[in-house]
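The following questions and answers concern a single structure, which is shown first.

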Amino acid sequence: MTVVAIAHPNIALAKYWGKRPGAGNIPAVPSLSVTLAGLTTRTEVDLLPGTAEDRLTINGRTISCEPGGKTGNVFQELRELAKSEARFDVRSTNDFPTASGLASSASGFAALVVGCAAALGLDASTEQLALVGMRGSASAARSFFPDFAELVPGDDTVRVGPVPVAAGVDLRVVVAVTDEGPKALSSSEGMKLVARTSMFHEAWLAGAPRIYAAVREALGAGDFERLGPLVEESALAMHASCIAAGVVYFQPATLAAYATVRRLRDQGISAWATMDAGPHVKVVTRAGDVVAVVAALEATPGVLRTLVAAPGLGARVEA
Ligand code: PMV
């Protein structure tokens, strides 16, 4: 029987950038995100009896999932956990731009893992599944959880799970889409290049844990005015370390949208920008300011359209 899994991308409020040396795809620094309702990956999974290869399509296009690659490793880990030889036929679709810095890999791997685990009848906790998802895309581990989630590398283990938030935090994310195409440089390649060549990489590794801890505290206290500047600082520090290595994800429309966000603040609207490995600008604001933020972004040259998201559900199998 076909299993259908649903997951949403997440946007890091405190970003990770860079991996621990060695295997496991473990982030170098802790991160904390909000899962975005309204942007959705829908993934169908069937088990393939009597075949030797897995199959994967994303938006109808066949994607390589050879052993040793990211997806191949995730499939293999699931088989080992379930003590199964089964092969998977996975068909995934996104209702938002794919591989362009909107975290489609996060929702993609989260839906894939939840769907494949259900198809295998695997009895595993959400934390266990999230750590399997991390092998494919570290940020994916956070999309297994609703609302706010964190991924925290420790000495011997990695902690992943929900983050406590004060009641009444009416946070919204307005995404200014600036490009419908895929990004030029994947986050994995970008991270490697930055770790190797950016003079600011060590400063980023030293500073990111402080921003993560402060973001966590501000959310716990429900203090949006403390949260906003930290969110922006995290993104700007990450991109500063990238730019020093020639890894530039910004486009003219990215800077135009960021200028709009700063202008909104001058007008008394609490809006804060964050950008990932792509040109889009995600604006963290309050529910009551969404209309003003959307209007200002849509009037910004180069902004193609906006998407509005509230904190969303974690990855799940469709009933
Ligand atoms: O784990 P990846 O390959 O999806 O990379 C995520 C990188 C950022 O989105 C820039 C930061 C983050 O913490 O999500």
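**Strand pairing and ligand shell**

Strand β8 (residues 148-153) runs antiparallel to β9, and 5 bridges join the two. Strands are DSSP runs (E, at least two residues; helices are H or I, at least four), numbered from the N terminus, and two strands pair if DSSP finds at least two bridges between them. This is a predicted model, in which local features need pLDDT of at least 70 and side-chain atom pairs count only at pLDDT 80 or more, while totals for chains, interfaces and linings use all residues. Residues are numbered from 1 along each chain as its sequence is written, and side-chain values use heavy atoms, with hydrogens and water left out.

Q: Which residue in β9 is the bridge partner of leucine 151?
A: Strand β8 is joined to β9 by 5 bridges. Within this pairing, leucine 151 has as its partner in β9 valine 160.

Q: Which strands stand at the edges of the open sheet that contains β3 and β8, and why is one side of each left without a neighbour?
A: The sheet has 4 strands in the order β2-β3-β8-β9, with antiparallel pairing. Each edge strand has a single partner strand, so one of its sides has no neighbour in the sheet; these strands are β2 (10-14) and β9 (158-162).

Q: By what angle are neighbouring strands of this sheet turned against each other on average?
A: The angle is taken between axes, which are lines fitted to C-alpha atoms (for helices over the stretch in contact), and angles run from 0 to 180 degrees between N-to-C directions. With direction ignored, the average for this sheet is 25°.

Q: What is the order of the strands in the open sheet that contains β10?
A: Strand β10 (residues 171-177) is joined to β13 by 5 bridges and runs antiparallel to it; in this pairing valine 177 stands opposite arginine 305. β11 (271-274) and β13 (305-309) each have a single partner strand, so they form the edges. The 4 strands are antiparallel in their pairing, and the order is β11-β12-β10-β13.

Q: How many bridges join β4 to strand β7?
A: Strand β4 (residues 41-48) is joined to strand β1 (residues 3-7) by 5 bridges, with valine 3 opposite valine 45. β4 also runs antiparallel to strand β7 (residues 87-94), where leucine 48 has arginine 87 as its bridge partner. The number of bridges between β4 and β7 is 8.

Q: In which loop is the asparagine with a positive phi of about 55° found?
A: Asparagine 25 has this positive phi although it is not a glycine. Its location is the loop between β2 and β3 (31-35).

Q: What is the phi of aspartate 147?
A: Aspartate 147 is found in the loop between α3 (126-136) and β8. Its phi is positive, in a residue other than glycine, and lies near 60°.

Q: Which residues come nearest to the ligand?
A: A residue is near a molecule if one of its heavy atoms lies within 4 Å of it, and 13 residues surround the ligand. Domain 1 (3-164) and domain 2 (171-311), whose bounds come from an automatic or database domain assignment, each contribute at least three residues to the shell. Those that come nearest are Tyr16, Ser139, Arg142, Ser187 and Asp276.

Q: How far does a polar side-chain atom of serine 187 lie from an oxygen atom of the ligand?
A: A polar contact is a pair of N or O atoms within 3.5 Å; within protein, one must be able to donate a hydrogen and the other to accept it, and residues adjacent in sequence count only if both atoms are side-chain atoms. Serine 137 places such an atom 3.1 Å from a ligand oxygen, and arginine 142 does so at 2.7 Å. For serine 187 the distance is 2.7 Å.
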